Amino acid sequence: MRLSSRLPPGFEPNALTATLARLRVQGREVLDLTVSNPTRCGFAYPEAEIRAALAQPEVLAYDPDPQGSRTAREAIATHHGHGLRAGDLLLTASTSEGYGLLFKLLGDPGDEVLVPSPSYPLFDWLARLEGLSARPVPSYFHDRWHLDLGALEAAVSPRTRAVVVVNPNNPTGHFLSRAEWTALTTLCAERQLALLVDEVFADYALEPAEDRLATALQDPEPPCPVFLFSGLSKVAALPQLKLGWIAVRGPGAEAHLEALAFLADQYLSVSAPVQAAAPRLLELAAPIRTQLLGRLGANLASLDVALTGQPHLSRLPVEGGWSVLLRRPAVDADEACALRLLEGASVLVHPGSFFDLAGDGHLVLSLLTAESGFREGLHRIFPWL
Ligand SMILES: Cc1ncc(COP(=O)(O)O)c(C=O)c1O
């Protein structure tokens, strides 16, 4: 039987994943400097409080609202502030599901969205699975990351429906500047595009620039439709609870929310327990984030110490987020380098090419790694770079 052409032609693991599996079968202990799952990083969660939040009487009642429970939306609106109201929000089971809804909302098969790259690699598949394509538009690094606004404008075609930005970006850590925000929303308004802003990492500012756009919600009345994404997976470091949300602003917001609620009503995928627990979980989230911020800062400091005496290596500034870009002499392709480090030093890192970083010479390291493991990993990989 023929399967949908939206699927990849095969499901073979890439060379890095296949090598990792082989080494682990051989019993090799591999240090993972790509971890993005906070539940596996040794953080002290308030376990009893999280369990209690998920054990309230409401978890036994089914009272579905396609936008998500009002109580949960009120708590999320309060968490964000900036005048956000419960009525501006729609709950999803994850940010990924939110993208699926948005791409269904905005596009017809064959339409496209523009994505300043490097960026989150999942966009490609999330768009394709909805019959759309994600077209990368390279950003550039000059002292800091910049959107190439001219290239974005030139890339708009009659099939373009939206621009998707991540603020701060994964993996570059780039926060949009306020000037970039103004230019981007003006472009979207002029060309009748929606602007999707993924702010899952917005609470994790590390080395932010003065003029950063801390959140798109700072703009109460954007001139184009704006859809902001966030969720518990990063806000509370609780990805297993599966709660994301979309905040809708700008022209047509009410109609867009109505249509999104129609789409969400076909699935009703957000569980009652997590919606009941959301207000309490958001209260518990601040100290969890403080732990993560401590870890991210400590690892960045360790990296700086390790880099002294390694003049051929450097790192890019990390305005925000959970990863850092390590720059190395491009003596081989990024993926070949990552394979060398895995085979030779038993350390897993991501090649920059996984995120569409131009050229070779970048490795992506997760700053979420436990501190001793991070230092040990650097110690092991530096002789190979
Ligand atoms: C930019 C970005 N958006 C969304 C997500 C995932 O969010 P969720 O777990 O809610 O699907 C990630 C995960 O790493 C991410 O990097």
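Trainee: How many bridges join strand β12 to strand β15?

Mentor: Keep in mind that this is a predicted model. Strand β12 covers residues 323-327 and strand β15 covers residues 362-366, and the two run antiparallel. One of the pairs sets valine 324 against leucine 365 in β15. The number of bridges joining these strands is five.

Trainee: Which strands stand at the edges of that sheet?

Mentor: The sheet is open and antiparallel, with its four strands in the order β11-β12-β15-β14. An edge strand has a single partner, so one side of it is left without a neighbour in the sheet. That describes β11 (314-315) and β14 (350-351).

Trainee: And which helix packs on this sheet?

Mentor: Look at residues 334-345, which touch β14 and β15. The direction of this helix makes about 50° with that of β15. Its name is α11.

Trainee: OK, on to the other sheet. Which strands are at its edges?

Mentor: This one is open too, with seven strands in the order β2-β10-β9-β8-β7-β3-β4 and mixed pairing. At each edge, a strand has a single partner, so one of its sides lacks a neighbour in the sheet. The edge strands are β2 (89-92) and β4 (133-138).

Trainee: What residue in β10 stands opposite leucine 228?

Mentor: Strands β9 (residues 226-231) and β10 (residues 244-249) run antiparallel, joined by six bridges. Within β10, the residue opposite leucine 228 is alanine 247.

Trainee: What angle does the direction of helix α4 make with that of β9?

Mentor: Helix α4 spans residues 95-106 and packs on the sheet. Among the strands it touches are β2, β3 and β7, along with β9 itself. The angle with β9 is about 160°.

Trainee: There's a ligand as well. Which side chain has an N or O atom 2.6 Å from a nitrogen atom of the ligand?

Mentor: Let's go by the ligand atom involved. Threonine 95 has a polar side-chain atom 2.6 Å from a ligand oxygen atom, and the side chain of asparagine 170 has an N or O atom 2.8 Å from an oxygen atom of the ligand. For the ligand nitrogen at 2.6 Å, the side chain belongs to aspartate 198.

Trainee: How much of the ligand's exposed area does the protein bury?

Mentor: Taken alone, the ligand exposes 400 Å². The shell around it has four nonpolar, five polar and two charged residues, and the elements giving two or more residues to that shell are α4 and α8 (232-235). The share of the ligand's area buried by the protein is 88%.

Note on methods
Residues numbered from 1 in each chain as written. Predicted model: local features only at pLDDT ≥ 70, side-chain atom pairs only at ≥ 80, totals over all residues. Heavy atoms only, no water. Pairing = 2+ DSSP bridges. Contact = heavy atoms within 4.5 Å. Axes fitted to C-alpha atoms, helices over the stretch in contact; angles between N-to-C directions. Polar contact = N/O pair within 3.5 Å; in protein donor to acceptor, adjacent residues only side chain to side chain. Areas by Shrake-Rupley, 256 points an atom, 1.4 Å probe, with all protein chains shown as cover. Nonpolar A, V, L, I, M, F, W, Y, C, P; charged D, E, K, R; others polar.
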